[in-house]
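Hi,

Here is the structure I promised to pass on. Have a look at it first, and then read on for what turned up.

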Amino acid sequence: MRWLALAIAGCGSEPPGRGTIPYETLSEYGFFEGRMADVAPADGVVPYEVAASLWADRLDKDRFLVLPEGETAAFDAAGDWTWPAGTIVIKHFSFEGRAIETRLLILEDLGWAAHVYLWDDAERQARRLVEGADVTVGDGQRYLVPNVNQCGGCHERDDAMHLLGPLTRQMNREVTRDGDVIGQLGWLAAQGVLGSDPTADGLPALADPFGDAEVELRARSYLDANCSHCHREGGGGGRSGLTLLASETDPVSYGVCKPPVAAGAGAGGRSHDIVPGLPDESIVTYRMASTDPEIKMPELPNLLSDAAGVALIEEWIAGMTPQGCP
Amino acid sequence: MKPGALLFALLPCACGSEDDPAALPEGCDHAIAPDDDVRDAQRVLIEAAEGETVCFLEGTFSYDMELSVGTNDLSIRGAGMVETVLDFVAQQTGGTGANGISITGDRVTVEALSIVDTDGDGVRATDVTDVAFRDLSVSWTTPADRDNGGYGVYPVGCTGVLVERCAVSGASDTGIYVGQSTDVIVRDNEVFENVVGIEIENTRDSEVVRNRAHDNAGGILAFNLPNLPTQGGARAKIHDNEIVGNNGRNFADSANIVSKVPPGTGIFLLATDDNEIHGNVIADNASIGVSILSYDPKLFGEFTDSAYDSYPTGNWVHDNDVSNNGTDADGLVEILFADQEPFPDLSWDGCENPDLDNSDGRYTNCFSDNGDADYFFMDWCGGKAAQHNDMTDVTCEHDPLPALEE
């Protein structure tokens, strides 16, 4: 990855997009070998997988890490890992095999900067855009590509941009590599992303929301992946007092019998975020199932509700012992 | 704002280069015209550099998605609240953002334009420093509709808020709402036909002055609520406002706390401390002129917040012009004041924190020099056995709060 001697600076009087990050086109980075839309990683581009994925209107995602040559990330069990300047995190979105958009987070001196590249219809090139786009995918499904401000809607917390996927609880899972099922943390160490293998008992781990773990763990994992970037202290939804991190242990804080405060019409006449045993009376499922902009959760940028996710949360709430919320 | 976004600000403005200097009104670095696509407008707002002014020209802008502002030190300006109208009636699809303008940059100013029919809030600022809203109109076309957006002007978690000369009507929750913020000035606004005109919630050190609140269900509220990250709402100086005829319907969603506000409420202090209410005209509010209540979970919902102080203390209501309130009470007031008719202008529920030593009177809620306004001690926590109308115990004064406006 020789090009990663990143000269990060403003363009000055130079024409934009030549020789400086962010490039105007995705191909300039050289992330992928062969036909670019197949996203086959080039040397030094390391794929990773998360335990619980963020719903993205039925699009599929491929994820990659690119670290400056010879550098590693510093592992942290509970908090953000520490990444070397110049690290690039890639999330590639496709629908039924067609490349739609590719998002980058690039670690600059001042923090992570978000860039969005929209693929052309021929899937030959993706061009940087800041203002977002309203596109059609597959058989006429409308899909919103976020503007770069909206990237902060999920990634910004306490005035700084954060990664949401490469975290211990998301990365601490098994992956299949060369036909073997192995722990991803150890594999990342073997790839040189981590300096040493941090694998240990007791590290946080989310469950696959649609796997075979017990329902509470899957539900809490789903909410962590889809909601906790905002619904936590310092996040955009933190002001509501609803904390949806899987590590939250206070039931009221994660919604059980918690009344809404400033939900506006979002409450739908329901009285508490989660009413044990009664998903149809819980605000959480009402908002997850809605596509009305004032009601729906998450706020951005999905157009479709995740029916499987709603069903999971309904199953979890329905299985709680009814206690009545005072 | 995220530090990384600074890069955008440093990029050469090849971005805004299509701006025709001849078309730029004075003081504007970028201009957005009514026929520009909403995404072009958004791109200008993203690419504008810190310290610049983005101007919306005269005309009606029909937008179907939220505009966001993440850059610090940006000014956004219209040609006037009549001349420049951002119309969000087409904003009906989830995922595009529910609000009109959503701000996450510090020291952002929005002024001189109208925002109409947003699905969510008109203008919103989250966790920023020194945000200013000036000469804005935020309204919804359908009166008293539960489906209207919740809030007209909504700064939350901010340090340094100025809301001035704005007009807000039709909000299904609150016209001007300031939540979990500090150092707040709300002045010279007109709020009407909302569920609540102005609410100061879990906020410290605010001044609410020279506003006109009329025809809302509730005029001006200072609330301190449980289960919110910022606690200790206190020190709102609410003075020289006109709070008249707030007898509108309460059309809020039943789950929202403001749905409990009785139609016909002038000023309502809930579990908030050391506020000063003075020099206001409080008239013709059919339920109650000024009400000071503790947070009773039976009335307002249970809470589990151990840091929460549910008792209002140290408030001072003085030198107000209070008249003709309580003529036809509604909602909670009827519950609380069951046998009072006509209902009094001023009231306190009488609930006191048994753990506080109030021997020096610092925690007393005082009422003084409010003309011939009548008063009611509800004895709500004492079982109503000692309800009375004698003001002797609460005729007292506290130190005045300093004015915050220059």
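To start with chain B: how many helices and how many strands does its secondary structure come to? The count is 4 helices and 31 strands. Before you go further, keep in mind that this is a predicted model.

How does the size of chain B fit its length, and what is the reason to call it compact? Its radius of gyration is 22 Å, close to the 22 Å that the globule rule gives for 406 residues, so chain B is as compact as a globular protein of that length. If you want a feel for its dimensions, the C-alpha atoms of chain B fill a box of roughly 75 × 40 × 35 Å along the principal axes. Of the 406 residues in chain B, 59% are buried. Contacts across the sequence are worth a look too: taking the contacts in chain B with a separation of 6 or more, 65% are between residues 24 or more positions apart.

Now for the strands. Chain B has an open sheet of 11 strands with parallel pairing, and if you want to trace it on screen, the order is β4-β7-β9-β11-β14-β17-β20-β23-β26-β29-β31. At the edges of this sheet sit β4 (67-69) and β31 (375-377) of chain B, each of which pairs on one side only. Leaving direction aside, neighbouring strands of the sheet are turned by 10° against each other on average.

For a close-up of one pair, try β9 (residues 123-126) and β11 (residues 151-156) of chain B, which run in the parallel sense and pair over 4 bridges. One residue to click on there is B:T126, whose bridge partner in β11(B) is B:V156.

Chain A is a story of two domains. Domain 1 covers 2-170 and domain 2 covers 215-318. Their C-alpha centres lie 27 Å apart, and the contact between them takes 18 residues from domain 1 of chain A and 17 residues from domain 2 of chain A.

Which elements give two or more residues to the side of domain 1 of chain A that touches domain 2? They are β10 (141-145) and α1 (148-155) of chain A. The one that gives the most to that side is α1(A), with 3 residues. As for the kinds of residue on this side of domain 1 of chain A, there are 9 nonpolar, 3 polar and 6 charged.

Happy browsing!

Note on methods. Residues numbered from 1 in each chain as written. Chains lettered and ligands numbered in written order. Predicted model: local features only at pLDDT ≥ 70, side-chain atom pairs only at ≥ 80, totals over all residues. Domains from an automatic or database assignment. Contact = placed C-beta atoms within 7 Å. Nonpolar A, V, L, I, M, F, W, Y, C, P; charged D, E, K, R; others polar. Pairing = 2+ DSSP bridges. Axes fitted to C-alpha atoms, helices over the stretch in contact; angles between N-to-C directions. Rg over C-alpha atoms; globule rule 2.2 N^0.38 Å. Buried ≥ 20, exposed ≤ 12 C-beta atoms within 10 Å, placed from the backbone.
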